[in-house]
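Biologist: I would be grateful for a close look at a single part of this protein, explained for a student in the first year. Please choose one sheet and then place it in its wider setting.

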Amino acid sequence: MVPVRTRGTDGGAPVAQNHLTVRVKGRSRERMAVTNAAARSTAARGRAVILVGLLVLAPFVVPPAEGQVSGTSWWPKFQRDVHNRGAVPLASLATDVHVRWQLHLSAPIVGENYSTPVFSPDNRTLYVGGSASTLSAVAWPEGVLRWQTTLGDATGVIHMSPVVGIDGAIYAGSWDAVIPYDGFARIRDIGASGTVDGAFAMRRALAGPTITSSGLVVVGGQHPTDGWRYYALESGASGLSLNWTAALLANPSDPASTGRIGAAPALSVGGGTAIFGSSDQNRTFWRISATDGAEEARIAMGAYCFSGTPAVSSDGYVFVGEGQDFAAPSDSNEGRLHVFGVDAQGVTVRVSALALGSGHLNGGLALRELPAGRTRVYVAANGNGKATAKLIAVDFDPALVGSDPPVNPLSTRWETPIGGSAFAYPHPVVGRDGVVYVIGPANHTLYAVRDTDAHADAAARGEVLWSMRLADISAVAGWAVASQRGPWGAVVGPDGRVLWNAPDGYLYALDGWRLGDLDGDGDVDAADVLLLEGAADDSEEFAIRFPEVDLMVVGDLDGDGEITVSDVERLAATLAGP
Ligand SMILES: [Ca+2]
Ligand SMILES: [Ca+2]
Ligand SMILES: [Ca+2]
């Protein structure tokens, strides 16, 4: 484990990095090394040209805009895109992780606070929810509070991650127990303040909203009188108005059930004509028309799935985690990862399910696309009823769907403990380099777990690259882990910094040395790919040129203990494409 240093405890002022010194030493040797390298390996140079040719050097890639979420915001909603994939097209922090800045937003949380930040369309402001039904606007990248605004009489909590629309409107709602309920609102950032200019009555809202391709804002939650549903709202000149509702469904065997919804809706691929959702007491996976709310499919799951948030792969498969019965949990037919798809007749069906034996999977998923159409699904299990919470990597191979003899297209690749269990809803995100960020639901520790495919030993595949305990960095003297819950997880900024809306009432921005940043200039780009290729060819030469750089820490991307073309390919793939 890498030792973690804390810097920037000066109340929010950015702290200069000291990485730039790396390149200064040995400059004369550097020139010599370059000359020698050029003379020696024309073959390597040819490969490098090909690799660099593959790179799209746009440092700023926004998610595809299938709904009317902001198309320029780096991170406009829960799990970043309308498919809830939690996928980050960046290299992750590898080492030297430290607090870049911290910002006080509220008193320390004693109960729950789940919200994660989203970015404004110009990526100069973060919006994040919190206690007292407060939405905070924070200047990015400076980390300075711009304004705070409250909903209703400020008795609830904004647990959800807001969504930012194409016109910059911010939508967020509160979970409230005190009438008048603080409700769901449209908020305008007018510079010096945030103004509520539209509202919809809501009592308890947890699931992060989305916006459909026709502009309907869809949020799951409980209306004061109309129960738990997905509500689709028109956002017009006069405010928010109800367009359709869907999915008020109770458990048929329980007359008292209400169908609680905590799962952020996901849009289908290919235009977002359908919404996928799931709920608690009716234990249901839904496919709902995004146009009119018509129920297009309803498939039973086996157990509690309050916040089992759907995530949709680019080939249209929908993954949902499942909980377990509280009184009599079963590892054989509960706590499963489900995958849904469309059969030859166009009917939505359950393709497969895999029992993970790790308690509740009532959190989100992160998806990473692998070669040959496979998808790796990262599942955060909160470990309810088990000894530990876990991050679990599951492979889905669509080529095995309908195979004869049957082979489950879902298979567990590895699992890594992430501290004790707690009844919370952890959500991982995954970088394109295969590093997963996830926060332990009980220990309030942020983990960077590297997916190291190269290991034959499954136990070594989910390697904790580094971890950071909130108790070690907290700006609150004496802050200690108790029974606080939340946030959902970490969010990654456009420059790779990691944002943590922590339960001590502070928002933290973490920085560090990026994986693949071979020259230590703070950016990961084509120059680093060339250097890594050179290092794969001759690591001794790299050591002479960059004596302060630990090549194995920043260059061994696949974590197999050596620098090879595999690492070069992984770095090039991290930088390539949208
Ligand atoms: Ca209230
Ligand atoms: Ca670099
Ligand atoms: Ca390697």
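Modeller: Two strands are said to pair if DSSP finds at least two bridges between them. The model shown here is predicted, and the part chosen is the sheet that contains strand S8. Strand S8, residues 170–173, and strand S9, residues 184–189, meet that requirement with 4 bridges, and their pairing is antiparallel. Within this pairing, Ala172 faces Ala185 of S9, while Tyr171 stands opposite Arg186 of S9.

On its other side, S8 is joined to S7 by 2 bridges, again in the antiparallel sense. Here Val163 is the residue opposite Tyr171 of S8. S7 and S8 together make a hairpin with 5 residues between them. In the turn of this hairpin, Gly168 has a positive phi of about 90 degrees.

The complete sheet is open and has 4 strands, in the order S7-S8-S9-S10, with antiparallel pairing. Strand S7 (163–164) and strand S10 (194–200) each have a single partner strand and stand at the edges, so one side of each has no neighbour in the sheet. In general, the strands of a sheet pair through backbone hydrogen bonds.

The faces of S8 also deserve attention. In a regular strand, side chains alternate between the two faces of the sheet. In S8, Ile170 and Ala172 lie on one side, Tyr171 and Gly173 lie on the other, and these residues are all buried, which leaves both faces covered.

This sheet belongs to a protein with 7 helices and 34 strands. Buried residues account for 56% of its 578 residues. Of the contacts with a separation of 6 or more, 60% link residues 24 or more positions apart.

A second open sheet may be set beside the one just described. Its 4 strands follow the order S2-S34-S33-S32, and the pairing is antiparallel. The edge strands are S2 (93–104) and S32 (491–492), each pairing on one side only. Strand S33 (residues 498–501) and strand S34 (residues 506–514) run antiparallel and are joined by 4 bridges, with Asn501 opposite Leu507 of S34.

Edge strand S2 contains Asp96. The phi of Asp96 is near 55 degrees, a positive value in a residue other than glycine. Most residues other than glycine have a negative phi. Asp96 is also buried, with 22 other C-beta atoms within 10 Å; the cut-off for a buried residue is 20 or more.

Edge strand S32 leads to a further detail. The loop between helix H3 (470–473) and S32 contains Pro487. A cis peptide bond, with omega about 5 degrees, joins Gly486 to Pro487. Most peptide bonds are trans.

The nonpolar interior completes the setting. The largest nonpolar core has 159 residues, among which Val379 and Ala490 touch the most other members. This core takes at least three residues from each of domain 1 (97–512) and domain 2 (526–576). Beyond its neighbours within four places in sequence, Ala490 is in contact with several residues, including Val498, Leu499 and Trp500. In soluble globular proteins, nonpolar side chains tend to be buried together.

Technical notes:
Residues numbered from 1 in each chain as written. Chains lettered and ligands numbered in written order. Predicted model: local features only at pLDDT ≥ 70, side-chain atom pairs only at ≥ 80, totals over all residues. Core = buried A, V, L, I, M, F, W, Y, C linked by C-beta atoms within 7 Å. Buried ≥ 20, exposed ≤ 12 C-beta atoms within 10 Å, placed from the backbone. Domains from an automatic or database assignment. Contact = placed C-beta atoms within 7 Å.
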